[in-house]
Amino acid sequence: MAVAGIDVGTTGCKCTVYSDRGDFINEAYVEYDFPPEAGDRELDALVIWQGVKQVMKEAARGTEDLKAVGIASMGEAAVLLDEADRPLNRPILYFDPRGQEQIDRLIAKIGEQKLKDITRMNPSKIYTLPKIMWLMDQDPSLSGRAKRLLLMQDYIVYMLSGIAQIDYTLASRTYAFDMNTLDWNDEILQAAGLSRGMMGKTVPTGTAAGMIRREIAQELNLPEDVLIVSGAHDQPAAMIGTGVLRPGMGADSTGTNECISTFFEGRKHPDYMEQRELAVVPFLWPDTYMTSIFCFTGGGMLKWYRDNLAKYEAELIRREGGNVFERLDEMTEDGPSGLLVLPYFLGKGSPGMNPDARGAIVGLTPETKSIAIYKALMEGVTYELRTGLEFWRERGIDIKELRATGGGAFSSVWLQIKADIYGMPVSTLKVSQGGNLACGMLAAIARGLYKNVEEAEKVFIQVDKTYYPRLKMQKRYDEWYEKYKLIYPGMEKLFTAW
């Protein structure tokens with residue numbers, strides 16, 4: 001018997017198939033091929049749907065006993081469907097600047113404090129509602145033509161099963177979800193020009209939707225009794241898939257951006273969280289909540305370095321058949337790079353979100369080597385996340401151990417940098433893609449193969465390697481971190497006037 005997990009990301013999607021004993025069976029990944037007019041801030045729902053079908057078919061090839069598939073996705077980006085389920089828009093990503101006027105309109109109609117009391121989050125243009133409101137302002141006919149509003153997880157669940165439902169963690173990214181009732185808030189929806197009937201049913205993480213549609217099963221050569229399951233928003237999924245199921249643990253997810261997530265019991269200092277734009281989201285169990293700190297740029301900055309500062313070297317490495325980032329890691333020297341990088345290429349994340357912030361490299365000299373910049377980019381992201389870890393610690397959320405997932409979990413250099421800068425152990429898992437594994441676990445539970453996530457964890461999750469802080473390097477990085485904290489306050493006024 002087998003289960004699968006699908007993670008729908010911003011640049012590609014991946015499907016991983018596991019046995020019911022947690023053993024890896026097969027995996028498939030596809031990077032989306034978007035048309036140029038989509039830009040780098042918009043998605044194409046049909047391209048994503050075709051990609052999901054492709055990876056499901058490839059990953060499940062030869063597996064005759066696939067019984068359930070769980071779905072996770074990135075947040076915020078949403079598609080409007082007409083009565084024939086045809087997309088009416090290109091989903092807009094969270095970091096796109098559109099939506100400020102619209103979120104201001106919501107504040108004027110409802111009141112800022114009331115919005116905070118309902119959603120437990122600060123009003124922001126990054127969420128789904130202001131993006132959809134912007135689209136409807138540009139094309140008023142959308143209000144009459146749109147019959148459904150779906151984020152990427154519930155879009156795929158709907159296309160696979162015909163059931164429109166969304167789990168609590170992803171619903172919270174819309175800014176229409178009431179944290180007190182765990183349901184849509186009609187007042188916010190109406191103020192945004194939307195209706196409850198357009199939205200999928202809100203359900204707990206890991207809720208089964210229904211069996212795969214017969215025509216889709218036949219198209220993908222899958223059994224007709226495959227159960228489709230709503231997983232989670234990608235960050236809570238990363239927590240589940242890395243075994244971050246006890247207080248004091250955090251999931252460090254490194255993809256295009258960088259995010260550390262944890263959970264706590266009860267709404268510990270929710271007002272302090274909101275003031276720094278830290279969301280408080282329902283987690284797996286009653287009265288448990290997860291929260292995240294993040295940098296909009298993580299592994300994306302290393303791609304920027306590869307494509308702009310090391311283009312020639314990268315091409316040579318590719319010609320030789322090597323992995324570009326592995327080779328670049330090998331070229332770095334141990335210890336601090338001697339540079340400081342503000343990793344705000346797409347603005348400053350949380351805590352202290354500032355969309356006007358810009359990236360900076362400080363400390364350049366004629367002796368600076370290009371590879372030092374590469375390492376400094378990794379250090380800069382890590383310094384930035386350390387400010388968030390300290391913010392948590394001041395409010396009683398003390399992280400003592402990290403589990404790494406995502407593409408960054410393959411870089412031993414970056415993992416050691418994190419252990420040294422954070423001053424705590426950082427572990428990798430034998431299965432590096434935590435989101436996919438989480439969805440496989442949730443699918444297995446929904447199918448009745450395991451009673452709960454704690455039971456499934458013992459089977460599916462295994463630690464591979466742990467990186468420990470080195471006292472000498474930790475002290476050196478502590479000195480550089482104190483310098484790092486001086487840069488942003490000194491440049492904040494400059495960013496505002498940029």
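This is a short talk through two sheets, the helix H10 that touches both, a pocket and a few backbone details.

Hi everyone, and thanks for coming. One thing before we start: the model on the screen is predicted.

Let's begin with the sheet that includes the start of the chain. It is an open sheet of 6 strands, in the order E3-E2-E1-E4-E12-E11, and the pairing is mixed. At its edges are E3 and strand E11, residues 207-211; each has a single partner strand, so one side of each has no neighbour in the sheet. From one strand to the next, the twist averages 20°.

Now let's look at some of the pairs. Strand E1, residues 2-8, runs antiparallel to E2, and 7 bridges join them. Within that pair, Val8 has Cys13 of E2 as its bridge partner. E2, residues 12-19, is also antiparallel to E3, residues 24-31, again through 7 bridges. Here you can find Gly12 standing opposite Glu31 in E3. The hairpin of E2 and E3 has 4 residues between the strands, and Gly22 takes a positive phi near 85° there.

What lies across this sheet? Helix H6, residues 152-161, lies across E1, E4, E11 and E12, and runs at about 175° to E12. H10 packs on the sheet as well, touching E1, E4 and E12, with its direction at about 100° to that of E12.

Keep H10 in mind as we move to the other sheet. This one is open too, with 7 strands in the order E15-E16-E14-E13-E19-E20-E21 and mixed pairing. Strand E15, residues 281-282, and strand E21, residues 463-467, are at the edges with a single partner strand each, so one side of each is left without a neighbour in the sheet. Further in, strand E14, residues 258-265, and strand E16, residues 288-295, pair in the antiparallel sense over 8 bridges. Thr262 is opposite Thr291 in E16. And here is our helix again: H10, residues 234-241, packs on this sheet, touching E13, E14, E16, E19 and E20, and its direction makes about 70° with that of E14.

H10 also meets another helix. Its axis and that of H17, residues 434-446, come within 7 Å and cross at roughly 75°. That makes the two helices, H10 and H17, roughly perpendicular. On the H10 side, the contact is made by Ala237, Ala238, Ile240 and Gly241, while H17 brings Gly434, Gly435, Leu437, Ala438, Met441 and Leu442. Sorted by class, this contact has 7 nonpolar residues, 3 polar ones and no charged ones.

On to the second largest pocket, with a volume of about 470 Å³. Which residues lie nearest its centre? They are Ser124, Lys125, Ile126, Met353 and Pro355, out of 23 lining residues. Helix H2, residues 100-110, gives the most to the lining, with 4 residues. The lining as a whole divides into 12 nonpolar, 4 polar and 7 charged residues.

Finally, two backbone details to look up on the screen. The peptide bond from Ser350 to Pro351 is cis, with omega near 5°. You will find Pro351 in the loop between strand E17, residues 340-342, and strand E18, residues 360-362. The other is Asp85, which has a positive phi of about 65° although it is not a glycine. Asp85 is in the loop between strand E5, residues 78-81, and H2.

Thank you all for listening!

Terms used
Residues are numbered from 1 along each chain as its sequence is written. This is a predicted model: local features need pLDDT of at least 70, side-chain atom pairs count only at pLDDT 80 or more; totals for chains, interfaces and linings use all residues. Side-chain values use heavy atoms; hydrogens and water are left out. On a 1 Å grid over the protein atoms alone, a cavity is a set of points where a 1.4 Å probe fits but cannot get out, and a pocket is an open set with protein on both sides within 12 Å along at least five of seven lines; lining residues have an atom within 4 Å of a point. Grid points are joined across faces, edges and corners, and a volume is the space filled by probe spheres set on the points. Ala, Val, Leu, Ile, Met, Phe, Trp, Tyr, Cys and Pro count as nonpolar, Asp, Glu, Lys and Arg as charged, and the others, Gly among them, as polar. Two strands pair if DSSP finds at least two bridges between them. Contact means heavy atoms within 4.5 Å. Axes are lines fitted to C-alpha atoms, for helices over the stretch in contact, and angles run from 0 to 180 degrees between N-to-C directions. Angles under 35 degrees count as roughly parallel, over 145 as roughly antiparallel, 65 to 115 as roughly perpendicular and the rest as oblique.
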